[in-house]
Amino acid sequence: MARGFSQAPGGSVEVLDAATRGLHRTHIALLAQSRNRVVRETIASRDDVPLGIQALLAQDGATEVRAALAANAHTVRSVLEDLSSDRSQVVLTALLTNPGISFEIVDGLTRHRRSEVRRLASARRNDAIRLPRVEDPRDEDARFPELRERGTTAAVAEESIARPSRFPSHGAAMELAHAPMPGTHGLAISATS
């Protein structure tokens, strides 16, 4: 096999596998750790990359991988915020082409130290057709199982604090267990009998 051929798109089984629809999260995680940059880049551009893998790929040593993740409309806001401090202008340019980028990130990049990044960010902020979105950070909870589970747990906890429980506390449950049942004429049933 010619040198570098396996790095070309379609040049290895891993690259083709990374582009396959409906991969399990575990398989995506394994491919995200591939030595082949093209495989990692393909994984970074998928629309079903789990949050943990996105965070891993945001730290990848290859600029192309980080740029693919930055341009992915399905990348979560926290990862996009992390990528907005990337040193590579290629990554920042890809980030500014992302249709799902938030207004806050674009606004932050208008004050970047590089004039080219500032110019692109200002153009994106003022683009009437592709306005950056103003979003509620909780909206992305619905897209990622890891965040959805966190949101569900937090919502249940808030609800239980705000509203008294319909279930008795341990002490009240013990009192109920030893109280006479209706129709038993005052006889208490014990749990130890």
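Contact here means heavy atoms within 4.5 Å. I keep that cut-off at the top of the page for the entries below.

**Entry 1: the model.** I noted that this is a predicted model. I looked up the confidence, and the protein chain averages a pLDDT of 78. I found that 60% of the residues score at least 70. Among the elements, helix H5 (residues 63-71) has the highest mean pLDDT, 97. Helix H11 (residues 170-178) has the lowest, 53. I reminded myself that where pLDDT is low, the predicted coordinates should not be read in detail.

**Entry 2: the chain.** I looked up the secondary structure and found eleven helices and zero strands in the protein chain. I then checked how much of the chain is covered, and buried residues make up 33% of its 193 residues. The accessible surface is about 12,100 Å². Carbon and sulfur atoms account for 58% of that surface. I also took the contacts between residues at least 6 apart in sequence, and 47% of these join residues at least 24 apart.

**Entry 3: the core.** I looked up the largest nonpolar core, and it has 36 residues. Ile43, Leu57, Leu95 and Leu109 have the most contacts inside it. I wrote beside this that in soluble globular proteins, nonpolar side chains tend to be buried together.

**Entry 4: isoleucine 43.** I picked Ile43 from the core and listed its contacts, leaving aside neighbours within four places in sequence. Earlier in the sequence I found Ala18, Ile28, Leu31 and Ala32. Later in the sequence I found Val49, Ile53 and Leu57.

**Entry 5: isoleucine 28.** I followed the contact from Ile43 to Ile28. Ile28 is found in helix H2 (residues 25-31). Is Ile28 buried or exposed? I count Ile28 as buried because its relative accessible area is 1%, and buried means under 20%. With the same neighbours within four places left aside, I listed the contacts of Ile28 as Leu23, Ile43, Arg46, Asp48, Pro50 and Ile53. I also looked up Arg40, which is twelve residues from Ile28 in sequence and 9.5 Å away in space, C-alpha to C-alpha.

**Entry 6: a helix pair.** I turned to helix H7 (residues 89-97) and helix H9 (residues 115-126). They pack at an angle of about 5°, with their axes 10 Å apart. That makes H7 roughly parallel to H9, because angles under 35 degrees count as roughly parallel. I looked up the residues that meet: Gln89, Leu92, Thr93, Leu96 and Thr97 on the H7 side. On the H9 side I wrote down Glu116, Val117, Leu120, Ala121 and Arg124.

Notes: Residues numbered from 1 in each chain as written. Predicted model: local features only at pLDDT ≥ 70, side-chain atom pairs only at ≥ 80, totals over all residues. Heavy atoms only, no water. Helix = DSSP H or I, 4+ residues; strand = E, 2+ residues; numbered from the N terminus. Buried < 20%, exposed > 50% of the residue type's maximum accessible area, 1.4 Å probe, protein only. Areas by Shrake-Rupley, 256 points an atom, 1.4 Å probe, with all protein chains shown as cover. Core = buried A, V, L, I, M, F, W, Y, C linked by side-chain atoms within 4.5 Å. pLDDT = per-residue confidence, 0-100. Axes fitted to C-alpha atoms, helices over the stretch in contact; angles between N-to-C directions. Parallel < 35°, antiparallel > 145°, perpendicular 65-115°, else oblique.
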